[in-house]
Amino acid sequence: MLSQLLKPEIMDLIQKRQFTDLKEILIDWTPIDIADLFLSLPENEQAIFFRLLPKDLAADVFEYFDLENQLNLIQLLGKEDVASILNEMADDDRTALFEEVPPNVVKQMLTYLSPEQRKISQQLLGYPENSIGRLMTPDYLAAHQNWTVNETLNYIRQHGKKSETLNVVYVVNEKGLLIDDINIREFLLSPLDEKVNDLMDFNYVSLKVNDDQETAVDVFKKYDRTALPVTDSS
């Protein structure tokens, strides 16, 4: 494994406090390799090592830790570093963390979030335990049925960075209601001036926010999906 092969060199850079060189090396690593290396370091070096990572990469790495290691790292880092991680985490991963810590700790962590992220977290935590609402992410791509393929692709380029569902584009009407889902392949192979409406078959599968997780697993298996849209009563 990469992290073990280069661990002696990494430790040498840390001990010599050559942080610029170390940072340049880590930027090219995958988050899971960085997570493996981090967990192999002495505890007194972990916080120093973690602070070298750009905040978006640090959040990606943090999501690979189990709950125990996440909480240990939070204890090692200062408030500003913890706030940066929490604000950069995927919303569903952050909710999973909040579910596992005491309510008083959750209350404190919520104060670290930006107003926008705090609103999202409070909304997700407001759904019943074991419900799909707790697991969903609000970072998805939705197109309007009157858009062209070109308009949709431009929208994806501008807003798709944080989306976890780039393989599927959801279609909504003028009221924001889900009316279809279309595989990204259809957009890539269609004429740029074709309308989204021409690609639609109005045949889609969705889950409700209050569905339990067991129900969701059954639906994922039945329809062989990697992602499914989640809707509420409105």
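Reader: Which residue of E2 stands opposite Ala142?

Author: In this predicted model, Ala142 stands opposite Tyr170 of E2. Tyr170 also has a bridge partner in E3, namely Asp181.

Reader: How do you know that E1 and E2 pair, and in which sense do they do so?

Author: Pairing requires at least two bridges. E1 and E2 share three bridges, in the parallel sense, and therefore count as a pair.

Reader: What makes E2 and E3 a pair, and how do these strands run?

Author: Strand E2 (residues 168–172) is joined to E3 by five bridges, against a requirement of at least two. The two strands run antiparallel. They form a hairpin with five residues between them, and Gly176 in the turn has a positive phi of about 85°.

Reader: Why is the pairing in the three-strand sheet called mixed?

Author: The strands of this open sheet follow the order E1-E2-E3. E1 and E2 pair in the parallel sense, whereas E2 and E3 run antiparallel. With both senses present, the pairing is mixed.

Reader: What makes E1 and E3 edge strands?

Author: Strand E1 (142–144) and E3 each pair on one side only. As for the geometry of the sheet, neighbouring strands are turned by 35° against each other on average, with direction ignored.

Reader: Why is E2 described as largely enclosed?

Author: A residue is buried when its relative accessible area is under 20%. Five of the five residues of E2 meet this criterion, so the rest of the structure largely encloses the strand. In a regular strand the side chains alternate between the two faces of the sheet. In E2, buried residues lie on both sides: Val168, Tyr170 and Val172 on one, Val169 and Val171 on the other.

Reader: Why is E3 also described as largely enclosed?

Author: Of the six residues of strand E3 (residues 178–183), five are buried, so the strand is largely enclosed by the rest of the structure.

Reader: What makes Phe49, Phe50, Phe62 and Leu86 stand out in the largest nonpolar core?

Author: That core has 39 residues, and these four touch the most other members. Helix H6 (residues 55–62) gives the most to this core, with five residues. Apart from it lies another core of 15 residues, including Leu141, Ala143, Trp147 and Met200.

Reader: Which residues does Phe49 contact when its neighbours within four places in sequence are left aside?

Author: Phe49 is in contact with Ile10, Ile14, Leu22, Leu26, Ile34, Leu37, Phe38 and Leu41.

Reader: Which residues of H6 are buried, and against which helices do they pack?

Author: Leu57, Ala58, Ala59, Val61 and Phe62 are the buried residues of H6. They pack against helix H3 (19–26), H4, helix H5 (43–51), H7, helix H8 (79–88) and helix H9 (91–100).

Reader: Why are H4 and H6 called roughly perpendicular?

Author: The axes of helix H4 (residues 31–40) and H6 cross at roughly 70° and come within 8 Å. Angles of 65 to 115 degrees count as roughly perpendicular, and the two helices are therefore described in that way. Pro31, Ile34 and Ala35 of H4 make the contact with Leu57, Asp60 and Val61 of H6.

Reader: Why is Gln117 classed as it is, buried or exposed?

Author: The relative accessible area of Gln117 is 8%, and the limit for a buried residue is under 20%; Gln117 is therefore buried. This residue of helix H11 (residues 115–125) touches Asn87, Asp91, Arg94 and Lys162, not counting residues up to four places away in sequence.

Reader: How is Leu71 classed, and on what value does this rest?

Author: Leu71, in helix H7 (residues 67–76), has a relative accessible area of 28%. Buried means under 20% and exposed over 50%; Leu71 lies in between and is therefore partly exposed. Beyond its neighbours within four places in sequence, Leu71 is in contact with Leu97 and Val101.

Reader: Why is Pro103 classed as it is, buried or exposed?

Author: Pro103, in helix H10 (residues 103–111), has a relative accessible area of 70%. The limit for an exposed residue is over 50%, so Pro103 is exposed.

Reader: How do you know where the predictor is confident, and which elements have the lowest and highest mean pLDDT?

Author: The protein averages a pLDDT of 88, and 97% of the residues score at least 70. Among the elements, helix H1 (residues 2–5) has the lowest mean, 53, and helix H14 (residues 196–199) the highest, 95. Where pLDDT is low, the predicted coordinates should not be read in detail.

Conventions:
Residues numbered from 1 in each chain as written. Predicted model: local features only at pLDDT ≥ 70, side-chain atom pairs only at ≥ 80, totals over all residues. Heavy atoms only, no water. Core = buried A, V, L, I, M, F, W, Y, C linked by side-chain atoms within 4.5 Å. Buried < 20%, exposed > 50% of the residue type's maximum accessible area, 1.4 Å probe, protein only. Helix = DSSP H or I, 4+ residues; strand = E, 2+ residues; numbered from the N terminus. Contact = heavy atoms within 4.5 Å. pLDDT = per-residue confidence, 0-100. Axes fitted to C-alpha atoms, helices over the stretch in contact; angles between N-to-C directions. Parallel < 35°, antiparallel > 145°, perpendicular 65-115°, else oblique.
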